[in-house]
2 protein chains.
Amino acid sequence: MQFSFFRSSYYTPISGYGVAKVLDSTHPKFNKGDLVSGITNWEEYSLIMNPESLIKIQQMDIPLSYYTGILGMAGVTAYAGFYEICAPKKGDTVFVSAASGAVGQLVGQFAKLSGCYVVGSAGSKEKVDLLKNDFGFDEAFNYKEEQDLNIALNRYFPDGIDIYFENVGGKMLDAVLCNMRVHGRIAVCGMISQYNLNRPEGINNLMFLILKRIRMEGFLVVDYHHLYPNLFEMVLPLIREGKITYVEDTVDGLDNAPAALVGLFSGKNVGKQVVAIARE
Amino acid sequence: MQFSFFRSSYYTPISGYGVAKVLDSTHPKFNKGDLVSGITNWEEYSLIMNPESLIKIQQMDIPLSYYTGILGMAGVTAYAGFYEICAPKKGDTVFVSAASGAVGQLVGQFAKLSGCYVVGSAGSKEKVDLLKNDFGFDEAFNYKEEQDLNIALNRYFPDGIDIYFENVGGKMLDAVLCNMRVHGRIAVCGMISQYNLNRPEGINNLMFLILKRIRMEGFLVVDYHHLYPNLFEMVLPLIREGKITYVEDTVDGLDNAPAALVGLFSGKNVGKQVVAIARE
């Protein structure tokens, strides 16, 4: 049996997707000193028994932590969800919830690159400013300051929403359904507002799926590993040319990882949550 | 302006989709004595100002009322919903709610013709017997006799549902979501249990869209008029060879049309509800 022994450098909570350095390896593909990204564990040193799933990092001019985000699972999630599920066309109106998060910030920028009109929602003024000033969203709003999400969405989308990139679920989804355009598409990436409820909130407006002929599709990144090369081909030049921005929220040390994970559910993080275990 | 004057023969409530005879016409496509199907009005004689949307009936060996159902809007709805939205494969497991209705009975038979395993739900023993004995469903159950729809579905689909043809909404949809298979497809055709509620019931299990990577898509027959030739090409031989069954529930006279319409919402009809205004 082949195995590789890694020194973890960066670590993202939830998925255990991280960046690590190979300390020792009997697998022919990996050598001591190589940097890799992929699923490891919440620990400083890991024994990886199935290293085939890991990606060897080749581009050393990119911040290593990016391989946990824009060049990792979040990147492929945004890429697959937006380009494969949402089938965007130039001029489409796009709404992204949790828009400053690891995935949302990329979806918004992909949408702008595709010639769409993009609005994002987030949970603080700081995040709303980030959406408009750093990520180039056309509009953004703080959902916590809106009395009625239906009215808020109608304000930004008077002619309706073509594409909704769903990250939150609950009341936001119900309001979005009322504001979708005919033949709209909803990529269901996550429902973070619902994960810690004993019972998810009821969604009452699914009738609009029929009236507006909406396609609503859930997806998981595990089905899209084959798109890593496409993501890299698109995103690496954009990073190097400064045409795409990726904001991270980094805490230091494995001891702080649990609090960082919990913070995701109350929106404490600003941008992609990263846990730095060692800096190289 | 061209118009045609029709004598109505058969009439279906809700949509005003009917079969009629031309009594007079200034439109070159239609002549006195022609039989047509399409959108008319709830009346014995109609002045149609836009006859282009009507279909001239060519096959005189088929019961005329079939042009309000299997060869009309219900037929195209079942055809488009099943073949275009559900993308069936041989061996798929298929669940149809309101399965003895105008559309459901066709979806079940299309699914059997495609080599699928098909289960239907309906609201009476008579309808359940019809599903199993006349339409060839593999299994059928009376949803009113089930304490827990989740358990009922698990009984008929121990390995899950690939395709759900949604006609009812509400609790049935919530139970189906728990029983879907990975990469399942839900064609949302109708939600008849919800239409007369002040507020539709909340659907709590949409998280399964992500976990099981489900595509849920609403559709309306108005987008699929181009499929009438495909429907006719497939279904006419099947009707003539007795390989497809279509059950209608006919009431006589326009006076009985409102009660027939209201009856749809409590499942009073057995099969496609037809109102006969004149018999030729």
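This is a short walk through a predicted model with chains A and B, from the symmetry down to single residues.

Let me start with the two copies. Chain A can be laid on chain B with an RMSD of 0.0 Å. The operation is a turn of 180° with a shift of 0.0 Å along the axis. That is the relation of a two-fold axis. Which residue of chain A comes closest to that rotation axis? It is Gly202(A), with its C-alpha at 1.9 Å. Now the interface. Of the interface residues of chain A, 100% are also interface residues in chain B, so the copies meet through the same surface.

Next, the domains. Chain A is divided in two. Domain 1 takes 4-69 + 248-276, and domain 2 takes 73-221. Their centres, over C-alpha atoms, are separated by 28 Å. The contact between them draws twelve residues from domain 1 of chain A and 13 residues from domain 2 of chain A.

On to the sheet. It is open, has twelve strands, and its pairing is mixed. Follow the order with me. In chain A we read β8(A)-β7(A)-β6(A)-β9(A)-β10(A)-β11(A). Then we cross into chain B, and the order continues β11(B)-β10(B)-β9(B)-β6(B)-β7(B)-β8(B). Which strands sit at the edges? They are β8 (139-142) of chain A and β8 of chain B, and each pairs on one side only. Neighbouring strands are turned by 15° against each other on average, direction ignored.

Two of the pairings, in a little detail. Strands of a sheet pair through backbone hydrogen bonds, either parallel or antiparallel. In chain A, β6(A) and β7(A) pair in the parallel sense, over four bridges. There, Val96(A) has Gly120(A) in β7(A) as its bridge partner. In chain B, take β9 (residues 161-166) and β10 (residues 180-188). They are parallel too, over five bridges. Phe165(B) stands opposite Ala187(B) in β10(B).

What about the side chains? In a regular strand they alternate between the two faces of the sheet. In β6(A), Thr93(A) and Phe95(A) point one way, and Val94(A) and Val96(A) point the other way. Are these four buried or exposed? All are buried.

Now the helices on the sheet. Helix α5 (residues 170-178) of chain A lies across β6 (93-96), β7 (117-122), β8, β9 (161-166), β10 (180-188) and β11 (215-218) of chain A. It runs at about 165° to β9(A). In chain B, α5 (residues 171-178) packs on the sheet and touches β6, β7, β8, β9, β10 and β11 of chain B. Its direction makes about 165° with that of β9(B). Back in chain A, α5(A) is mostly covered, with seven of its nine residues buried. Among them are Met172(A), Leu173(A), Val176(A) and Leu177(A). Asp174(A) is on that buried list as well.

Helix α1 (residues 73-85) of chain B is also mostly covered. How many of its 13 residues are buried? Ten. They include Val76(B), Tyr79(B), Phe82(B) and Ile85(B). The cover includes β6, β9, β10 and β11 of chain B, along with the helices α2 (104-113) and α7 (228-240). After α1(B) comes Ala87(B), whose phi is positive, near 45°.

Last, the aromatics. There are 30 aromatic pairs over all chains. One of them is Tyr66(A) with Tyr246(A). That pair is edge-to-face, 5.9 Å centre to centre, with 75° between the planes. Tyr66(A) lies in the loop between β5 (55-56) and α1 (73-85) of chain A, and Tyr246(A) in the loop between α7 (228-240) and β12 (248-252) of chain A, so the pair ties together parts that are 180 residues apart in sequence. Both Tyr66(A) and Tyr246(A) are buried.

In chain B, look at Phe141(B) and Tyr156(B). Their ring centres are 5.3 Å apart and their planes at 5°, so this pair is stacked. Phe141(B) is in strand β8 and Tyr156(B) in helix α4 (residues 149-156) of chain B, so parts 15 residues apart in sequence are tied together. Both Phe141(B) and Tyr156(B) are buried.

One cluster to finish. In chain A, ring pairs link Phe95(A), Tyr117(A), Phe141(A), Tyr156(A), Phe157(A) and Tyr164(A). Phe95(A) is the residue we met in β6(A).

Notes
Residues are numbered from 1 along each chain as its sequence is written. Chains are lettered from A and ligands numbered from 1 in the order in which they are written. This is a predicted model: local features need pLDDT of at least 70, side-chain atom pairs count only at pLDDT 80 or more; totals for chains, interfaces and linings use all residues. Side-chain values use heavy atoms; hydrogens and water are left out. Rings of Phe, Tyr and Trp (its six-membered ring) pair if their centres lie within 6.5 Å; planes under 30 degrees apart count as stacked, over 60 as edge-to-face and the rest as tilted. Helices (H or I, at least four residues) and strands (E, at least two) are DSSP runs, numbered from the N terminus. Buried means under 20% relative accessible area, exposed over 50%, partly exposed in between (1.4 Å probe, protein chains only). Two strands pair if DSSP finds at least two bridges between them. Axes are lines fitted to C-alpha atoms, for helices over the stretch in contact, and angles run from 0 to 180 degrees between N-to-C directions. Contact means heavy atoms within 4.5 Å. Copies are superposed by least squares on the C-alpha atoms of residues with pLDDT of at least 70 in both. Domain bounds come from an automatic or database domain assignment.
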